Amino acid sequence: MSWFLLTISIISEVMGTVALKFSNGFTDWKPSVVVFTAYILSFVLLGLALKGIELSIAYAVWAGVGTALIAVIGFFYFNEPITTLKLVSIVLIVLGVVGLNLADRIA
């Protein structure tokens, strides 16, 4: 259940970040409400996920996967430039998250 909560927390954080782009510096109230609601939900769910997942793992997965998803959304939805360095960096983020998860299983 903790991993499910973490997954929903990540999705909520990504939704809030995308809404932040649409809020125009909090001048458009509808996406601004989504930003605050999604971030609050994300942190609440992250807190609940921490009951069953170590802090170092949960936060790294939350931050890393969220960052990678936002980068991909930026590339494809907002037409942000894709460079080799950006792609390599996203791969390194994903590999870091996988490595952290494997570290507990191997040790």
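Here are some friendly notes on this predicted model, to read with the structure in view.

1. **The overall fold.** A good place to start is the backbone. The protein chain has four helices and zero strands. Following the sequence from start to end, you meet the pattern α-α-α-α. The C-alpha trace of the protein chain spans about 50 × 35 × 15 Å along its principal axes.

2. **Inside and outside.** How much of the protein chain is buried? Of its 107 residues, 33% are buried. The protein chain exposes about 6,800 Å², and 75% of that area is supplied by carbon and sulfur atoms.

3. **Contacts across the sequence.** Take the contacts between residues at least 6 apart in sequence: 65% of them join residues at least 24 apart. For one pair to look up yourself, try A63 and I93. These two are 30 residues apart in sequence, while their C-alpha atoms are 9.4 Å apart in space. A63 is found in helix 3, which covers residues 55-76. With a relative accessible area of 24%, A63 is partly exposed, because the buried class ends at under 20% and the exposed class begins at over 50%.

4. **A nonpolar patch on the surface.** Which residues make the nonpolar surface patch? They are L20, F26, F36, I40, V44 and L48, and together they make a patch of about 550 Å². Helix 2, residues 29-49, gives the largest share of this patch, with four residues. L20, another member of the patch, lies in helix 1, residues 2-22. The relative accessible area of L20 is 34%, so this residue counts as partly exposed.

5. **A serine to look at.** Is S32 buried or exposed? S32 is buried, because its relative accessible area is 7%, and buried means under 20%. The place of S32 is in helix 2. If you set aside the neighbours within four places in sequence, S32 is in contact with S23, F26 and T27. You may recognise F26 from the previous point, where it appeared as one of the residues in the nonpolar patch.

6. **Charges.** The protein chain has 5 positive and 5 negative charges. Work out the mean position of each set, and the two points are 5 Å apart.

7. **Where to look again.** For a second pass through the model, you could begin with helix 2: S32 has its place there, and four residues of the nonpolar patch come from this helix. Then move to helix 3 to find A63, and look across to I93, 9.4 Å away from A63, C-alpha to C-alpha.

Notes: Residues numbered from 1 in each chain as written. Predicted model: local features only at pLDDT ≥ 70, side-chain atom pairs only at ≥ 80, totals over all residues. Heavy atoms only, no water. Helix = DSSP H or I, 4+ residues; strand = E, 2+ residues; numbered from the N terminus. Buried < 20%, exposed > 50% of the residue type's maximum accessible area, 1.4 Å probe, protein only. Contact = heavy atoms within 4.5 Å. Areas by Shrake-Rupley, 256 points an atom, 1.4 Å probe, with all protein chains shown as cover. Lys, Arg positive; Asp, Glu negative; His and termini not counted. Charge placed at Lys NZ, Arg CZ, Asp CG, Glu CD. Patch = residues over 30% accessible without salt bridge, like charges linked within 9 Å, V, L, I, M, F, W, Y side chains within 5 Å. Salt bridge = Lys/Arg side-chain N within 4 Å of Asp/Glu carboxyl O.
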